[in-house]
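Work through the exercises below with the sequence and the structure at hand, and try each task before reading its solution.

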Amino acid sequence: MSTLIRKLVSTANAARPVAPYNQAVVADRTVYVSGCLGLDKNTMQLIPGGVAEQTELALQNMRSVLEAADSGIEKVIKTTIFVKDLNDFGVVNDVYKRVFTHDFPARSCVQVARLPMDALVEIECVALTGDVKTVSA
């Protein structure tokens with residue numbers, strides 16, 4: 001039986017975890033990115049503004065973690081978005097579609113009672129590494 005590799009991912013190009021977890025874990029060719037907040041990586045504070053600004057920075061942090069895992073936005077297969085207020089769904093979508101412009105990943109979006117640091121949005125994803133070919137069914 002061959003040994004699978006479990007690689008722990010950490011990058012200074014994204015906000016560090018706010019609790020005991022890794023930014024991402026790669027298992028074989030699958031990347032599991034922990035929930036990303038709209039945290040400034042230098043101050044570890046939520047970015048000023050509202051849900052649009054926090055969504056944009058959360059997605060930038062996610063992109064940096066993906067790159068550190070030898071993956072990328074184009075290799076994301078599933079995202080989960082947690083929002084404090086589902087009334088922000090449209091604003092989050094507007095920012096999201098500037099990052100995911102085509103071949104959209106599967107996605108869930110749910111309203112939650114509270115997020116870490118009282119954030120307005122948190123985004124996690126599952127992605128692939130290596131050569132990936134996208135086809136439509």
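**Exercise 1: A residue and its surroundings**

Task: In this predicted model, find which residues Val31 touches when those up to four places away in sequence are not counted.

Solution: Begin with the stretch that precedes Val31 in sequence, where Ala24, Val25 and Val26 are touched. Then move on to Leu66, Ala69 and Ser71, which Val31 also touches, and finish with Cys125, Val126, Ala127, Leu128 and Thr129. Within this last group, Ala127 has a particular place, since Val31 stands opposite this residue of β6.

**Exercise 2: The nonpolar cores**

Task: State how many residues the largest nonpolar core has, and which of them have the most contacts inside it.

Solution: Count the members of the largest nonpolar core, which come to 27 residues, and then rank them by their contacts inside it, which brings out Val31, Val33, Met62, Leu66 and Phe100. Next, ask which elements supply at least two residues each: these are β2 (24-27), β3 (30-36), α1 (51-68), β4 (76-83), α2 (89-99) and β6 (121-128). Among these contributors α1 gives the most, with six residues. Finally, look for a second, separate core, which has six residues, including Ala15, Leu37, Leu39 and Ala119.

**Exercise 3: The sheet**

Task: Work out the order in which the six strands form the open sheet, and say which of them are edge strands.

Solution: Follow the sheet from one side to the other, and the order reads β1-β2-β3-β6-β4-β5, with mixed pairing. The edge strands are β1 (6-9) and β5 (106-111), because each of them pairs on one side only. From one strand to the next, the twist averages 10°. Now turn to β3 and β6, which pair in the antiparallel sense over five bridges. As a last step, place the helix α1, which packs on the sheet and touches β1, β2, β3, β4 and β6, while its direction makes about 25° with that of β6.

**Exercise 4: Two positive phi angles**

Task: Describe the backbone of Met117 and Asp118, and decide why each is called partly exposed.

Solution: Start with the backbone, where Met117 has a positive phi of about 60° although it is not a glycine, and where Asp118 likewise has a positive phi of about 60° without being a glycine. Both Met117 and Asp118 are placed in the loop between β5 and β6. For the exposure, recall that buried means under 20% relative accessible area and exposed means over 50%. Met117 has a relative accessible area of 36%, so Met117 is partly exposed; Asp118, at 40%, therefore counts as partly exposed too.

Notes. Residues are numbered from 1 along each chain as its sequence is written. This is a predicted model: local features need pLDDT of at least 70, side-chain atom pairs count only at pLDDT 80 or more; totals for chains, interfaces and linings use all residues. Side-chain values use heavy atoms; hydrogens and water are left out. A nonpolar core is a set of buried Ala, Val, Leu, Ile, Met, Phe, Trp, Tyr and Cys residues joined through side-chain atoms within 4.5 Å. Buried means under 20% relative accessible area, exposed over 50%, partly exposed in between (1.4 Å probe, protein chains only). Helices (H or I, at least four residues) and strands (E, at least two) are DSSP runs, numbered from the N terminus. Contact means heavy atoms within 4.5 Å. Two strands pair if DSSP finds at least two bridges between them. Axes are lines fitted to C-alpha atoms, for helices over the stretch in contact, and angles run from 0 to 180 degrees between N-to-C directions.
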